[in-house]
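Trainee: I am new to this structure and would like a close look at a single part. Could you take me slowly through the run of paired strands and the turns that link them?

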Amino acid sequence: MRLRSMTAVVAAMGILLAVPAPARAQSPPVPTPAQGGLNDVLIRILSNGCAELQGGSAGFGPDLAQICAGGGAASTTGGTVGGETRGGGEEQRQVYRRLRQRQAAASADTGGALSLFASVEYQNFDKDTTRFETGFDRDTVGGTIGADYLFRNGLVLGTAVSYGHEFGSYDGGGGFDHDAYGILVYGSFMPITSMFVDAVAGYTRKNYSFDRQATFARPGLATSGPTSGDTDGNEFKIGVNAGYDFLLGRFTVGPRVGVLYRETTIDGFRESGRTGLELAYDNQNIQSLTTTAGVFGSVAISTGFGVIVPQATAEYVHEFLDDQRSVGFRLVQDVAQRRFLFQTDPPDRDYFNLGVGVSMVLANGMQPFLNFRELVGYRDRSSHTVTVGLRVPF
């Protein structure tokens, strides 16, 4: 009896195994893990007759088909789109300086409850070519205008709008042209005498335009040409800055500490061109969290037409986020749209900002100012920033 039961169980299992399993929906292909910068990944993909693109039955566009028709090792160059979009503007630094000027005017009884300010800025930023990203040189020209109100309890509330135009060129050819439109709200209060706490929150809309010079070579074929693409992005930021001023006669010196969180998103986009090397990029998200610790010093020099205030700052910056990222992309002329990844540069976690400037407090309360700031100690980047502006009380 037991033998018959076991025989029935075995027969039932055989029937179940003979029934074909229901078809499962195919999951999207997993992209090849990122192993280097954009040019490294493209060389790997396009070498040996584009071996990594031969896994499917779909074909290629005519330009990519020509590239993939031969064998042998390949070489390729071209700007790494996206690296130049990093880095925030100077808007929050201008607001912090603006609030210090506001306090100076209030203490000297030369400022009204309402005041307007305006500033213009120029920055030159240079990045070296690395294993992961193509180098570039970037110039930024922009301006900020704003208004704030000083309440009787010492609270300052204000808002400002800004515009910045970034333009530059990649090492080896090609360039970019970006526009940024921003709005900031800010405030400041003094919990105790000589101590201040500032807060800033802002949003910036960014329009990106890229022109990348793409070059490919293998035995028997060399091709080069421009690719272009446009996309948009958004940036959100929030920061707090605090300090204490020690008054030593005409001299003021004190510590400064701050924190700034910034999140930037870049919409995915497709390049156009006729090289076969045009790319379609995934959406990107860049997060940055920096803390600063530094010292400020100034001296007030009285003259017949007002008070001249030379000043200097030095700050140490530590980056907690903005990690090395993997960016997804596809070759536009690969009909199967196989997805690959390339890596961006890892950040320098620690660097410094040095600044010098001068402001004037005139008898009518107007305050012109000039500031210069230098990025120091960053492994492959340097920048110089000049800001000039004017505060007008009412």
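Mentor: Let us start with strands S6 and S7 (residues 221-244), which run antiparallel and are joined by 24 bridges; strands here are DSSP runs (E, at least two residues), numbered from the N terminus, and two strands pair if DSSP finds at least two bridges between them. Before going on, please keep in mind that this is a predicted model, in which local features need pLDDT of at least 70 and side-chain atom pairs count only at pLDDT 80 or more, while totals for chains, interfaces and linings use all residues. Residues are numbered from 1 along each chain as its sequence is written, and side-chain values use heavy atoms, with hydrogens and water left out.

As for the pairing itself, strands of a sheet pair through backbone hydrogen bonds, either parallel or antiparallel. Within the pair we began with, Thr204 stands opposite Glu235 in S7. The two strands form a hairpin with 2 residues between them, and there Gly220 takes a positive phi near 90 degrees.

Thr204 also leads us to the neighbouring pair, since Gly182 stands opposite Thr204 in S6. Strand S5 (residues 174-189) and strand S6 (residues 195-218) run antiparallel, with 14 bridges joining them, and another place to look along this pair is Phe176, whose bridge partner in S6 is Phe210. S5 and S6 form a hairpin as well, this one with 5 residues between the strands, and Ser194 in the turn has a positive phi of about 75 degrees.

Stepping back along the chain, we come to strand S4 (residues 156-170), which is joined to S5 by 14 bridges, the two strands running antiparallel. Val156 has Ser188 as its bridge partner in S5. The hairpin of S4 and S5 has 3 residues between the strands, and Gly172 takes a positive phi near 95 degrees in that hairpin.

If you follow the part once more from S4, you therefore pass from S4 into S5 through the hairpin that holds Gly172, from S5 into S6 through the turn with Ser194, and from S6 into S7 through the hairpin where Gly220 lies. While you do so, remember that in a regular strand the side chains alternate between the two faces of the sheet.

Methods. Helices (H or I, at least four residues) and strands (E, at least two) are DSSP runs, numbered from the N terminus.
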